[in-house]
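Okay, thanks for coming, everyone. Let me put the structure up on the screen, and then I'll walk you through the bits I'd like you to look at.

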Amino acid sequence: MANRMILNEVSYHGKGAIGEVSNEFNARGFKKACVITDKDLIKFEVATKVIELLDQAGVDYEVYDAIVPNPTIQNVKDGVEFVKNSGADCIIAIGGGSPIDTAKAIGIIVTNPEFTDVLSLEGVADTKNPCLPILAVPTTSGTAAEVTINYVITNENNHRKFVCVDPHDIPIVAFIDSDMMMGMPKGLCAATGMDAMTHAIEGYITKGAWEMTDMLHIKAIEIVGRSLRDSVNGDQKGREDMALAQYVAGMGFSNVGLGLVHGMAHPLSAWYNIPHGVACASLLPTIMKYNKDFTGEKYRDIARVLGVENADTLSIEEVRDAACAAVDQLSKDVGIPATISELGVKAEDLAQIAEDAFKDVCTPGNPRDTNVDEIVELYQSLM
């Protein structure tokens with residue numbers, strides 16, 4: 001079987017990377033941009049850092065700032081109409097996963113109008129045309145939406161998140177600038193950082209993993225392990241390292257898939273509007289333990305890069321437990337909720353939520369095959 005790798009055409013990394021946005025816009029011959037972001041990023045003058053650069057360069061643009069956390073089908077439809085009416089020939093997406101995911105869905109529908117029914121994009125959509133070109137500027141260090149071929153939309157009618165996978169949606173340019181991430185509050189920094197760790201660990205042990213993605217994921221695990229605590233405390237170097245780590249993890253998992261943590265996190269976000277990073281972070285240590293006997297020597301590799309003492313000489317059972325304990329401790333150190341009941345999850349909903357998790361597109365990639373009853377038990381153990 002051939003293994004496929006799809007990445008951005010170009011990416012810029014480090015402080016000041018956003019200074020290249022207008023240069024890329026002009027070099028590619030674009031005439032007008034639609035800036036897609038959310039109202040908070042405008043209010044707190046995060047997105048305005050990019051907008052000011054566009055003004056200085058004389059770039060013509062309009063701003064669509066109606067993006068909500070866990071973006072909905074209606075959010076996408078409204079954005080499609082906005083972009084069409086604006087006459088923009090490219091999108092500049094600024095934000096975390098929500099704005100960039102919404103920009104992907106909008107961009108795909110604009111150039112593939114036969115997919116105007118947003119639900120038709122679920123799974124692997126057979127689109128024919130690349131989406132409206134996207135220049136992506138992440139403001140969180142977790143989702144890696146700027147380098148993935150995936151996006152997630154919420155169907156409010158049935159409390160379900162659906163994952164769309166499409167090589168045509170990847171942003172053509174990504175600008176990974178830690179200055180854009182310095183405004184994150186501690187809680188958001190912790191949650192998105194643990195989301196990056198989840199991407200790296202799930203990508204490393206997923207059924208589709210192979211040597212090239214293993215190389216990316218194990219490095220991402222190492223960087224998150226040494227940098228997340230400092231990043232949460234507001235350290236500039238820590239945030240710059242986390243900006244790189246989440247991107248490196250995204251390069252990998254976008255091409256091989258994820259597992260049960262994401263499968264179980266998606267319905268939690270859809271049912272209770274829990275931020276995606278928080279949902280993943282609260283689940284990760286427990287699902288790592290659930291999977292441990294189905295991962296070969298990979299937990300030894302994880303333990304080693306997380307600094308577990310004697311990782312090379314411990315028995316396989318001991319080193320698997322040690323890897324789980326190291327991730328659990330990191331999660332506790334950055335303040336991730338220990339139970340999902342703290343997030344508002346209700347016991348009476350678990351049976352239906354487990355059904356949704358079992359059907360999620362990420363779940364089949366899990367190294368351990370599962371079923372609805374076991375997923376219910378996992379949720380119950382986290383209550």
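Let's start with a salt bridge: Lys 39 pairs with Asp 65, and the closest N and O atoms are 3.2 Å apart. Keep in mind as we go that this is a predicted model. What parts of the chain does that pair link? Distant ones: Lys 39 is in helix H2, residues 39–43, while Asp 65 is in the loop between strand E3 (61–64) and helix H4 (73–86), and the two are 26 residues apart. Is Asp 65 buried or exposed? In between, actually: its relative accessible area is 24%, so Asp 65 counts as partly exposed. As a general reminder, side chains of opposite charge can pair when their charged atoms come close.

How many salt bridges does a search of the whole structure find? The answer is 19, and I'll just pick out a couple more.

Have a look at helix H7, residues 211–232, where you'll find both Lys 219 and Glu 222. They're three residues apart, about one turn of the helix, and their side chains meet in a salt bridge at 3.4 Å, N to O. Lys 219 has a relative accessible area of 37%, so call that one partly exposed. Glu 222 comes out at 24%, and is partly exposed too.

Then there's Asp 312 with Arg 304, a salt bridge at 2.7 Å, N to O. Asp 312 is exposed, with 53% relative accessible area, and Arg 304 is partly exposed at 39%. There's also a network here: Glu 9, Glu 24 and Arg 28 are joined into one by salt bridges that share partners.

Right, on to the sheets. Generally speaking, the strands of a sheet pair through backbone hydrogen bonds, either parallel or antiparallel.

One sheet here is open and has six strands, in the order E1-E9-E6-E4-E2-E3, and the pairing is parallel. Which strands are at the edges? Those are E1 (10–13) and E3, each of which pairs on one side only. Going from one strand to the next, the twist averages 15°.

If you want a place to zoom in, try E4 (residues 90–95) and E6 (residues 134–138): they run parallel, and five bridges join them. Ile 92 is a handy landmark, since you'll see it standing opposite Leu 135 in E6. And what lies across E1 and E9? That's helix H8, residues 236–256, which runs at about 150° to strand E9 (173–176).

There's also an open sheet of three strands, ordered E5-E8-E7, and there the pairing is mixed. E5 (123–124) and E7 (150–155) are the edge strands, each with a single partner strand, so each has one side left without a neighbour in the sheet. E7 and E8 (residues 160–165) run antiparallel, with six bridges joining them. Follow that pairing to Asn 155 and you'll find its bridge partner in E8 is Arg 160.

Now a helix pair, H9 (residues 260–272) and H10 (residues 276–291). Their axes come within 8 Å and cross at roughly 145°, and the crossing is right-handed. On the H9 side, the contact includes Leu 260, Val 261, Met 264 and Leu 268. From H10, the residues taking part include Ala 279, Cys 280, Leu 283, Leu 284 and Ile 287. So what kinds of residues are in there? Eleven nonpolar, four polar and no charged.

Last topic: a couple of backbone oddities. Ala 144 isn't a glycine, yet it has a positive phi of about 60°. You'll find Ala 144 in the loop between E6 and E7, and it counts as buried, at 0% relative accessibility.

Asn 310 is another residue other than glycine with a positive phi, near 60°. It's in the loop between helix H11 (298–305) and helix H12 (316–333). Is Asn 310 buried or exposed? Its relative accessibility is 48%, so Asn 310 counts as partly exposed.

That's my tour, so over to you.

Definitions and conventions: Residues numbered from 1 in each chain as written. Predicted model: local features only at pLDDT ≥ 70, side-chain atom pairs only at ≥ 80, totals over all residues. Heavy atoms only, no water. Axes fitted to C-alpha atoms, helices over the stretch in contact; angles between N-to-C directions. Helix = DSSP H or I, 4+ residues; strand = E, 2+ residues; numbered from the N terminus. Left-handed = near helix turned anticlockwise from the far one by under 90°. Contact = heavy atoms within 4.5 Å. Nonpolar A, V, L, I, M, F, W, Y, C, P; charged D, E, K, R; others polar. Pairing = 2+ DSSP bridges. Salt bridge = Lys/Arg side-chain N within 4 Å of Asp/Glu carboxyl O. Buried < 20%, exposed > 50% of the residue type's maximum accessible area, 1.4 Å probe, protein only.
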